[in-house]
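Q: I would like a careful reading of one part of this model together with its surroundings.

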Amino acid sequence: MPVRRLSKFKLLAILAILTIAAALAPTVIAMASDEPAYSVELKDGDFEIRRYEPLLAAEVTVGGERSAAISQGFRMLADFIFGNNTSKTRIEMTAPVTQQPSEKIAMTVPVTQQASGNEWKVRFIMPAQYTAETLPVPNNTAVRIVAEPPKRFAVIRFSGWSSEANLAEHRDLLVAWVKSKALPAAGPPVAAFYNPPWSLPFLRRNEYLIELTG
């Protein structure tokens, strides 16, 4: 009888572990996606100064409230990467890279959002293997392909939901840190999101970035 009880306990433990693993799997997959190449010049707790390599991004400009704007922008950009382009190429938001009759390419993270007056710029960063010449052309003229040169950013990394309160708190912390270090800011803060919506809040990776001159 004790052996049976122990067996049941082990079975329940295994089921619990599998349940937790299933819940965490989407986050692991999201983090397995490529992200833009950068080097860290300075690290100070949750703050960093990073130098990013040149990159390509697909971008749309959307008006309205922040969360609604990023949802609308996400849908427009997803339409482009899932095949609404001149070559009907699908750029999936998963890794690894696979070759099939319809080319599938792992998409990079993060998705970024930046205020521009009363509008928002929403971006998907394109995989590094693409150039401006080889990236498929969007069929939707609202989707722009933007080529960015090397840039330096001050960055704060934080977890939790992308609520207005959480974002505002960490945006203000980054702005204050940049001022305390007398760093020359070249633009407004940019929010960056790395995880799918179902990720647990304490495992989520969010960032704010401020471009620096020089």
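What follows is one request about a single helix and one connected answer.

Q: Please look closely at helix H2: which of its residues are buried, what covers the buried residues, and how does H2 pack on the sheet?

A: This is a predicted model, in which local features need pLDDT of at least 70 and side-chain atom pairs count only at pLDDT 80 or more, while totals for chains, interfaces and linings use all residues. Residues are numbered from 1 along each chain as its sequence is written, and side-chain values use heavy atoms, with hydrogens and water left out.

It helps to place the helix in the chain before turning to its details. The secondary structure of the protein chain comes to three helices and nine strands, where helices (H or I, at least four residues) and strands (E, at least two) are DSSP runs numbered from the N terminus. Along the sequence these elements follow the pattern α-β-β-β-α-β-β-β-β-α-β-β. Of the 214 residues in the chain, 40% count as buried, a term that means under 20% relative accessible area, with exposed over 50% and partly exposed in between (1.4 Å probe, protein chains only). Among the contacts with a separation of 6 or more, 67% join residues 24 or more positions apart, a contact being heavy atoms within 4.5 Å.

Helix H2 itself holds 16 residues, 66-81, and because each residue should add 1.5 Å, its expected span is 22 Å, which agrees with the 22 Å between its end C-alpha atoms; the expected span is taken as 1.5 Å times one less than the number of residues. The buried residues of H2 are Arg66, Ala69, Ile70, Gly73, Met76, Leu77, Ala78, Phe80 and Ile81. Their cover includes strands E3 (55-63), E4 (111-116), E5 (119-125), E6 (144-148) and E8 (190-193), together with helix H3 (164-180). After H2 comes Gly83, whose phi is positive, near 125°.

The sheet supplies much of the setting for this helix. Its nine strands form an open sheet in the order E1-E2-E7-E9-E8-E4-E5-E3-E6, with antiparallel pairing; two strands pair if DSSP finds at least two bridges between them. Strand E1 (38-44) and E6 are the edge strands, each pairing on one side only. From one strand to the next, the twist averages 30°, with axes being lines fitted to C-alpha atoms, for helices over the stretch in contact, and angles running from 0 to 180 degrees between N-to-C directions.

Within this sheet, E3 and E5 are joined in the antiparallel sense over seven bridges, and Ala57 stands opposite Ile125 in E5. H2 packs on the sheet by touching E3, E4, E5, E6 and E8, and its direction makes about 40° with that of E5. H3 also packs on the sheet, but its list of touched strands reads E1, E2 (47-52), E7 (151-158), E8 and E9 (206-212), and its direction makes about 135° with that of E7. E8 thus appears in the contacts of H2 and in those of H3.

One residue of E4, a strand that H2 touches, can be examined on its own. Thr112 is found in strand E4, and it counts as buried because its relative accessibility is 12%. Leaving aside residues up to four places away in sequence, Thr112 touches Lys121, Val122, Arg123, Val190, Ala191 and Ala192.

One of these partners, Ala191, leads on to the next strand in the sheet, since the bridge partner of Ala191 in E9 is Tyr208. E8 and E9 run antiparallel and are joined by four bridges. E9 is mostly covered, with six of its seven residues buried. E7 and E9 also run antiparallel, joined by seven bridges, and Arg152 stands opposite Leu212 in E9.

Two loop residues complete the picture. Ala182, in the loop between H3 and E8, has a phi near 55°, a positive value in a residue other than glycine, and it is exposed, with a relative accessible area of 66%. Asp34, in the loop between helix H1 (2-32) and E1, is partly exposed at 38% relative accessible area. Asp34 and Met126 are 92 residues apart in sequence, and their C-alpha atoms are 9.4 Å apart in space.
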